[in-house]
Amino acid sequence: MKRERSARILATLGPASATRERILELARAGADVFRLNFSHGSHGDHAERVKQIREIEHEIGRPIGVLMDLQGPKLRVGRFAEGKVMLIPGAHFRLDLDPGVGDANRANLPHPEIFAALEAGTELLLDDGKLRLRVDAFGPDFADTTVLVGGPLSDRKGVNVPGVVLPISPLTAKDLADLDFGLSLGVDWVALSFVQRAEDIREARELVGDRAWIMAKLEKPAAIDALEPIVALADGVMVARGDLGVELPPQQVPVLQRRIVRAARAAGKPVVVATQMLESMITSPIPTRAEASDVATAIYDGADAVMLSAESASGQYPVEAVSIMHRIICEVEQDPAWRTGLEASHAPAEANTPDAICSALRRVAGLLEPAATVAYTTSGFSALRASRERPATPILALTPQLATARRLALAWGVHPVPFEEVHDVTEMVEHASSAAVSHGFAGPGEVLVVIGGLPFGKSGSTNLLHIARIPG
C-alpha cells in the first residue's frame, strides 16, 4: 500500500461507506485517513467503524489515521406553529428566549450568549446565509431586527453571527461525552469545531492531553483574526470552507484558504482543505472540471490533505470519488510547475537545531537526489519538521509508537512505519536501510538521508543528519 503521492486524502465515513468491504475499497482507492462525523451516528456506529478500520489497517499493512469530528455548538432558532414562516424584506422580526413556538413576527432563539454579544447594526444570517436580518434593538433576552433578505424559515434552522466573537465554548455537553468516548476508542485526531480563539485550543488540550492530536477547524471569521496563535497551539488545521463561506463573501474564501495553508506550512502543522471539493459526485460518477481544478489548486498550494465529506459518506459513488481525487493529486504532482511552486512558497527555517537539520535535509535531497529520507521519530516531531520542508524525496517515518504512525498518516509526504527502538547510529542506519528496501522505497546501492535525535527516544531532539548507502 505504498502511496505514489505526497498529498493525502481524508475520507468521511457514513451510510454509503459503513461496511467493512466498502472501507477496504476506499483505503485501496487512496484514502489515508478516515473521518468520523460525530454530528451523526451513534456511539455504537462509530465504535464499529473504528474496529473495521483497525482490522483493515492490519490487512493492508499500512497505518490508517482516524479523525473524530466534534459537532460543536449549533446555534438554531426554535420551532414554528406551522412548521415554517415566510420572512418579508423590510418586515420586523423578533428573536427571543421565549420557548413558545414562533410565527411570522417572532421566533425562539435559545442562546442568551448571542444576545450578550450583539450590537446595533449587527447582521444575523439564518439557514446557511439564505436569510439576513439586521439588529435594530436588543436586550439580554431579545433582539428586534429588520429583514434584509427574506424567504422561508423553517424549524431548527441555523443562525450565524458574522464578525462577532461569541462568549461560548467550542465544547458542548454532547461534545464532552463524544470526546471521552472517541478517546476511549483510540482515535488519532480530534477535529474541534467552532474555534474562535487560541483559548479554545487550550481548553481542548486540557481534556485531550497527549491521547490524540487536535485539529482546529477554521470556520469562523474570528478564527482568521487569531490565525497565527491558533495554528501555533493546534497540531493541525482544517479549512472548513462550507461554514466559512456562510459568514464571509464567497470571493474572500479562496484568498483565506491560501493564507491558512501558508500559515500552517510555515508552522509545520498539517493542513486539510475541506468541503464541497467533489460535491457533484454525490450523484454523479465524475466531477465537474471546476471541482477537479479546485482539488488541484489545494495541491499546488502545498496542502497536506484534501477531504471528502458527503461524497464518501452518503454519496452514490464514494469509491469513485476517492479514486478520482487520487488521480488528480498524482497528475498535479507530476507537473514540474508543482515543485516550482512549492519551492517558491517555502517558508524560511527558524533559528533552532531541528529546523537547521531539516533545512539541510532539503538541500541535501536536492543535490544528491536520494531514494528516500528516513526520519526516526517517537513523538512525530522529526517527521513533521521534515514534511514542512517539502523535500523532493519521500519521507519514511520510523517510529516505535503505533499511535504516532497513525497520526502521521495525514502529513504531506510522510510514509509512517511502526518500527522497533534503536539504540545507536549504526543500528539506526541498518534499520533505515532495511525498512527502505522492504517497503519499496530504495534498492541496493541507493542513497538514503537519515535524520533523528540523540539521545534516541527524546521528543523534539532532531539534531542528527546522516547520509547512508544501502549495501549491495
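Here are four short exercises with worked solutions on this predicted model.

**Exercise 1: the barrel**

Work out which strands close into the barrel, and in what order.

*Solution.* Start with the count: 8 strands take part. Going round, the order is β1-β2-β3-β12-β13-β14-β15-β16, and the pairing is parallel. Next, look at how the strands sit against each other: neighbours in this sheet are turned by 25 degrees on average, with direction ignored. For one pair in detail, take β2 and β3 (residues 65–69), which run parallel and are joined by 5 bridges. Within that pair, F34 stands opposite V66 in β3. Finally, put a helix on top: α2 lies across β1, β2 and β3, and runs at about 175 degrees to β2.

**Exercise 2: the largest pocket**

Find the volume of the largest pocket, then say which element gives the most to its lining.

*Solution.* The volume first: about 1400 Å³. The lining has 50 residues, and those closest to the pocket's centre are N37, S39, H40, K74 and D243. Now sort by element. Two or more lining residues come from each of β1 (8–13), β2 (33–37), α2 (43–60), β11 (159–160), β14 (236–240), α8 (241–247) and α11 (310–313). Of the elements, α8 gives the most, with 4 residues. Last, sort by class: you get 17 nonpolar, 17 polar and 16 charged residues.

**Exercise 3: the second largest cavity**

Count the cavities of 30 Å³ or more, and describe what lines the second largest cavity.

*Solution.* The count comes to 2 cavities of 30 Å³ or more. The second largest cavity holds about 50 Å³ of space. Its lining is made up of A264, R265, G268, K269, P270, D304, L384, S387, R388, R390 and A411. As for elements, α9 (253–267) and α15 (381–388) are the ones that give two or more residues to this lining. The largest share is 3 residues, and it comes from α15. Split by class, the lining has 4 nonpolar, 2 polar and 5 charged residues.

**Exercise 4: one aspartate**

Decide whether D301 is buried or exposed, and list its contacts beyond its sequence neighbours.

*Solution.* Place the residue first: D301 is in the loop between α10 (289–300) and β16 (305–308). Then check the number. Its relative accessibility is 12%, and buried means under 20%, so D301 counts as buried. For the contacts, skip the neighbours within four places in sequence; D301 then touches R258, V261 and R265. One of these ties back to Exercise 3: R265 is also among the residues lining the second largest cavity.

Notes:
Residues numbered from 1 in each chain as written. Predicted model: local features only at pLDDT ≥ 70, side-chain atom pairs only at ≥ 80, totals over all residues. Heavy atoms only, no water. 1 Å grid on protein atoms, 1.4 Å probe; cavity = no way out; pocket = protein on both sides within 12 Å on 5 of 7 lines; lining within 4 Å. Points joined across faces, edges and corners; volume = space filled by probe spheres on them. Nonpolar A, V, L, I, M, F, W, Y, C, P; charged D, E, K, R; others polar. Buried < 20%, exposed > 50% of the residue type's maximum accessible area, 1.4 Å probe, protein only. Contact = heavy atoms within 4.5 Å. Pairing = 2+ DSSP bridges. Axes fitted to C-alpha atoms, helices over the stretch in contact; angles between N-to-C directions.
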